[in-house]
Amino acid sequence: MCMRRTRDFLGFILVTLLLVSCNGNDSQNKELVDYIPESADAVIKIGRLGTTKEDFSKNLLMTQLKSEPFSQFFKQYNTLISKIKATDRILLCSQHLNDSLSDFLLIGKNSQLTFKTDSLVGAKSSSLRIGKYTVHKTTLNEQSLFGMAMDSVFLLSTSEGLLKEVVNGQVKKDQSFRKAFKVKTDNELTMISPLNNRGIIPGNSVQWAEQASFELQMLPDGLVGHGIVLDQDSIPQLLSLFRGQVPQKTDAPSIIPVNANRATSLSFSNSEVLEISLNKVFKDSLTLNPLFETINEMVEIELPEGNVMALKSLDKNISWENLASHITEAPAFREIALFNFSDEESYFVPFAPLFHSTPYQIVFEWEDFLFFTQNTTQAELMITTLQNESVLAKTSYFETTSTYLAASSSLVFYELKGKSQGLFTALLNAEDSHIKKFPILVTQLIYDRNFAHLNLIAKETSGSNTSSGIVGQLLSVPLESDILLPPKFFTNHNTLGKDMVVQDRSNRLYFIASNGKTLWKKVLDGPIQGNIQEVDLLRNGKKQLAFSTINSFYILDRNGNAVAPFPKTFKDNLTQPVAIFDYDNNRKYRFVIVQKEKVFMYDSEGKSVNGFSFKKANSNIVLPPQHLRIGNKDFILIAEEGGKLNILNRVGKERISVKKQFRFSAIPIEREGSDFVVITKDHVKETIDLNGKVTSLTLDVGANYWFAIAGSVKVTLDDNLLRINGKLIELPIGVYGKPQMFSTKNQVYVAITETEEKKVFVYDKSGKLLNNFPVYGTSEIDLGDANRNGKLNVLVQGQPNEVILYQSN
């Protein structure tokens, strides 16, 4: 009966208990694991075949991994696999042949695994013998599957050779594999991966570990794996380093720059035990420097510019004492002390090949870490990154990933920029690959007695989430002397982007392109008063720079040439920055010059505007003249030292009579609705209506108070209390400059600089701090879209002679 059923295989293969009785019943106690060929590289335990097939075929990460075998199997044998039905757990084994080819074997209980081929058009069937067993071969489009019943098990393979191994008893017997196999038995998909055939670094024989067994969850946006990794006592393996160590809190993401290629974090609790383990694993006679007695985390960061090593210290004073004989003072950067470092004792050699043998020359301190860099430039770049918090921990994609990670670790690998390599790739039985839409892949090991817990995470990003969300430094431009006037954007009428202008203490005016190249420099006759303003004097769309010094009023074109008939030079000093009025936004400018109590108005041709009748105030003018419009009426405001506020019309005649005298502060007069607001030196808010009536309100505020309005947005600052349209923002305690307001792309932004910690904060009009601010800066800022890419740029002074351009991604 049995042989007749076998000959009738042409319609379909259906393995039943009847076949078992025909082929023998000598192995009733065998389990599925007993049929895994010795040559199998990796095994997956499958709870639902249809779901697993779908996952491996469509998961974006798995399909991008080079030489990943199981995706290859489900894709290559898709038609034949569609005829396989499994009603219970089965095994799928892979045998690596070469870079692009593998053989496979499916193993399942014969009553629960069937392969029906009766509906396959063009399929060919034949039979052959392996020992006492009949093998049924099905071929379709040059692809073949070999099926046979053995004991109570059905085997289905792409290779006759794998079946021969099983028949001949060449099956997995080593205890480490069987121990790994027994882990995670009830999950939908479990992967058992050998790690004893993978080196830590190419060309080195030290292995990662023995076996890994982990539940693999295929998600619509990536994958997550949780399980264990096993090592072996008799063979030195990387995992053995952590015996006797307690996992430590991992702070690496807070210092890994977003532009890093990859990073490795190694944590330990006992340096003496670690020294013994290093010698055992790497078979050498190595001695750790006493420095490592104060260290509990090492982070190697691979950057485009080279490698950086960071050591997290438990006691920085003792750490520095251990370094003292190997360091000499170097010039500081942004007030961070730098030291030249000589590494005659080869501090990091004991950790090779886990870490690269990199010659480090500079060391500096940041929070709990000591950083070692290859040169000064790299140290400066690293400090810039840390100050601006352009680090992995601040990215949206790491925030998503971190929810799957434990806080404490023994070893963590961070693969960045879409690169899959090292342990991550080994666990998935693939080769190093470039992966799209996966900015970070993380492998975390947490040692626990004779094994390590494993977390494997890859989460896809798309659209706006693909970017780091970090504010990145685009440029750092050094000047010949320290900065006098903070840098400011200037519109490039050719590109409609932004160039930059800045003045140094030698009175040089620099014109810097958006790529950081200085296009020209011009020595002025003195410091610029107030800010540089933009005008279009010729009304042809080409912008010019307009500003005053104590003796001159300049208008320069973008090439640094004076625009006739300017500059205008004055015998008496200018006591306020030039005020520029454009009453009807038609570029028919009025330029207002103040010399103590005197007022001079000029038109675009440099001629006096005789129709403006206000020539002289009763006392010195204490603020730059202002032009405000309410409804269809123009108001020119001139504040006097004697306390009088002149509110004039276009021709200089009094428009509103204000009887009250004011003690004017440095805060400009603002328009609030249809009223004018004066904030006095005594912190009294004086509100003046269009009839000249004054309403006074004493403000309960501190000495550092500011008040500003731009359109519908009102901002106040009271020491560290910032209010934007009434929303209170409690800033960190510090010393703050005045808040600035910017309107760009139909949005209003509020910026403020803390001058002691040198941090720039930027908020939107709802009072929300923009992502990844504050950034490093020491002056007032300018804000705009410098490169016309829809991204905000911040222009600010850094070090005394440094111009910095940031971009918010």
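The axis of a helix is here a line fitted to its C-alpha atoms over the stretch in contact, and angles between axes run from 0 to 180 degrees between N-to-C directions. The model on screen is predicted.

**Stop one: two helices**

Select residues 49-58, helix H3, and residues 69-76, helix H4; their axes come within 8 Å and cross at roughly 105°. Angles of 65 to 115 degrees count as roughly perpendicular, so that is how H3 and H4 stand to each other.

Now show the side chains where the helices meet. On the H3 side, pick Leu 49, Thr 52, Lys 53, Phe 56 and Ser 57; on the H4 side, pick Phe 70, Ser 71 and Phe 74. Coloured by class, this contact has four nonpolar residues, three polar ones and one charged one.

**Stop two: strand S12 and its partners**

Move to residues 211-219, strand S12. Is S12 mostly covered or mostly uncovered? Seven of its nine residues are buried, so the strand is mostly covered.

Add residues 189-194, strand S11, which runs antiparallel to S12 and is joined to it by five bridges. To find one of these pairings, select Ile 192, whose bridge partner in S12 is Ser 213.

Then add residues 222-230, strand S13. S12 and S13 are antiparallel and joined by nine bridges, and a hairpin of two residues leads from S12 to S13. Here, select Met 218 and its bridge partner in S13, Leu 223.

**Stop three: the nonpolar cores**

Which residues touch the most other members of the largest nonpolar core? Of its 85 residues, they are Leu 61, Met 298, Leu 323, Phe 372 and Leu 428.

Centre the view on Leu 428. Apart from its neighbours within four places in sequence, the contacts of Leu 428 include Leu 61, Met 62, Leu 65, Pro 69, Phe 214, Leu 216 and Leu 223. Glu 68 is also among its contacts.

For a second, separate core, of 34 residues, select Val 299, Ala 310, Ile 336 and Phe 369, which are among its members.

**Stop four: a four-stranded sheet**

Finish at an open sheet of four strands, ordered S44-S45-S46-S47 with antiparallel pairing. Select residues 670-672 for S44 and 694-698 for S47: these strands stand at the edges with a single partner strand each, so one side of each has no neighbour in the sheet. From one strand to the next, the twist averages 30°.

At the S44 edge, add strand S45, residues 675-679; three bridges join the antiparallel pair S44 and S45. One pairing to display is Glu 672 with its bridge partner in S45, Asp 675.

Key:
Residues numbered from 1 in each chain as written. Predicted model: local features only at pLDDT ≥ 70, side-chain atom pairs only at ≥ 80, totals over all residues. Heavy atoms only, no water. Parallel < 35°, antiparallel > 145°, perpendicular 65-115°, else oblique. Contact = heavy atoms within 4.5 Å. Nonpolar A, V, L, I, M, F, W, Y, C, P; charged D, E, K, R; others polar. Pairing = 2+ DSSP bridges. Buried < 20%, exposed > 50% of the residue type's maximum accessible area, 1.4 Å probe, protein only. Core = buried A, V, L, I, M, F, W, Y, C linked by side-chain atoms within 4.5 Å.
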